[in-house]
Amino acid sequence: MREKEQALQLHLQRFGEVGRAFAAPARVNLIGEHTDYTGGLVMPMAIGFRTVAVLSPRVDNRAVFYSASFDEEVSFEIASMGLTPEGRWSDYPAGVLWSLRQEGVEIGGFNMSLMGDVPLGAGLSSSASLEVAAAMALLGHAKEALPLKKLATLCRRAENEYVGAKSGIMDQFVVGGAIANRAMLLDCRSLEFELLPLPAEVRVVICNSMVKHAVSTGVYGDRRDEVEAGQAVLRERLGFELLRDATLADLEACRAEMSAASFLRCRHIIAENGRVKVAREALLQGEVKRFGDVMVEAHASMRDDFAASCVEIDALVEIAMQQEDCFGARITGGGFGGCTVNLVRAEAAEGFVAVLRKAYQEKTGMIAECVVSAPTDGALALAEQGGVRSIQ
Ligand code: GLA
């Protein structure tokens with residue numbers, strides 16, 4: 001309850017009012033990268049970092065957002081708000097307000113404080129965490145509740161149309177709907193999902209390379225354009241609506257009609273969907289080594305075919321895989337920096353982190369930040385428990 005108390009206290013100091021607190025976690029993706037925006041498969045889980053949004057009503061019709069991380073306040077008249085992003089943190093909660101209003105949710109004036117411990121630019125989805133926390137607070141204020149699919153879709157819309165980042169549905173969905181101690185296998189076309197337990201003998205270790213990653217700017221959008229160009233060829237030639245339906249043989253048949261880059265990006269995605277299925281089987285059978293092997297293949301594919309890794313991340317994966325107790329390691333999230341996710345024998349997790357940090361520093365001069373993470377609850381489960389459940 002510590003985070004919730006802190007956030008309520010901060011809000012009280014800032015606005016002189018007692019508010020209501022809502023929390024949303026960050027996430028790590030175990031496998032299934034860059035598959036979500038072509039209707040594919042992903043397997044993320046929510047993790048212990050969180051954003052807390054505290055809201056109290058105002059008598060006028062203004063939206064006031066205060067970010068403790070940036071120590072900045074942004075405010076405007078709700079009725080006259082347009083699609084006017086400013087290229088800063090407030091675009092995320094303002095985008096959610098915009099998206100909910102587009103949906104017909106009526107929202108009166110409010111003060112909202114935002115705080116949290118999700119590392120920014122680490123590929124752990126600080127943006128979805130912020131969006132979903134803000135959405136939960138705004139819905140509480142409007143006395144509305146939305147089912148998971150709608151909540152995730154509206155938060156994604158905020159990110160796509162208001163913030164202007166062309167991300168898929170994975171992050172908002174798992175941040176909203178995760179359940180403690182389970183990974184989530186999500187079909188990004190049907191939005192059907194399955195909750196899968198992780199074997200007791202392993203831990204998930206997340207290592208931050210400290211190389212900043214951003215979805216809203218840069219090459220994430222370029223990659224997506226390359227993928228969509230390839231998908232358009234497959235659609236035209238073979239009638240597939242989404243890359244999800246194509247096989248590697250279909251892609252090969254269309255190779256001459258697309259750029260070399262599009263071919264490689266699509267090859268990654270088609271193969272990655274297959275790897276997620278293998279990972280699911282491995283989890284159901286308790287085959288930790290098989291899961292690890294498919295993670296390593298996924299990393300090679302992100303590096304070589306999707307061209308979304310970097311030397312620091314490759315170094316982290318290489319060092320990890322030299323350790324006997326590590327079953328698998330790969331880049332996680334959008335790419336171009338951020339974090340790796342590692343599947344490590346439970347009793348060896350701490351030693352693994354120590355060796356990895358030392359070797360990484362020797363190799364790159366940088367200090368990696370590492371956490372051992374168990375799957376946590378998403379925002380909806382946290383709200384049902386009446387707020388923020390403390391992290392063990
Ligand atoms: C970012 C996006 C997601 C997804 C991943 C890559 O996290 O927000 O929608 O595309 O990158 O798997």
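The following chat discusses cysteines and a strand pairing in a predicted model.

Biologist: How many disulfides does the model have?

Modeller: The count comes to 0 disulfides.

Biologist: What is the nearest cysteine sulfur to Cys 266, and how far away is it?

Modeller: That of Cys 254, at 9.7 Å, and Cys 266 is in no disulfide.

Biologist: Why is Cys 326 not bonded to Cys 207?

Modeller: The closest cysteine sulfur to that of Cys 326 belongs to Cys 207, but it lies 8.7 Å away, which is too far for a bond. A disulfide needs the two sulfur atoms within 2.5 Å.

Biologist: Is Cys 266 buried or exposed?

Modeller: Cys 266 is buried, because its relative accessibility is 0%. Cys 326 also counts as buried, with a relative accessibility of 6%. The cut-off for buried is under 20%.

Biologist: Changing topic, how many residues of strand β6 are buried?

Modeller: Strand β6 covers residues 182–187, and 5 of its 6 residues are buried, so the strand is largely enclosed by the rest of the structure.

Biologist: Which strands pair with β6?

Modeller: Strand β2, residues 41–57, pairs with β6 in the antiparallel sense over 2 bridges. Strand β7, residues 193–197, also pairs with β6 in the antiparallel sense, over 5 bridges.

Biologist: Which residues stand opposite each other there?

Modeller: Between β2 and β6, Val 42 stands opposite Leu 186. Between β6 and β7, Leu 185 stands opposite Glu 194.

Biologist: What do β6 and β7 form, and how many residues are between them?

Modeller: They form a hairpin with 5 residues between them. In the turn, Leu 191 has a positive phi of about 60 degrees.

Note on methods. Residues numbered from 1 in each chain as written. Predicted model: local features only at pLDDT ≥ 70, side-chain atom pairs only at ≥ 80, totals over all residues. Heavy atoms only, no water. Buried < 20%, exposed > 50% of the residue type's maximum accessible area, 1.4 Å probe, protein only. Helix = DSSP H or I, 4+ residues; strand = E, 2+ residues; numbered from the N terminus. Pairing = 2+ DSSP bridges.
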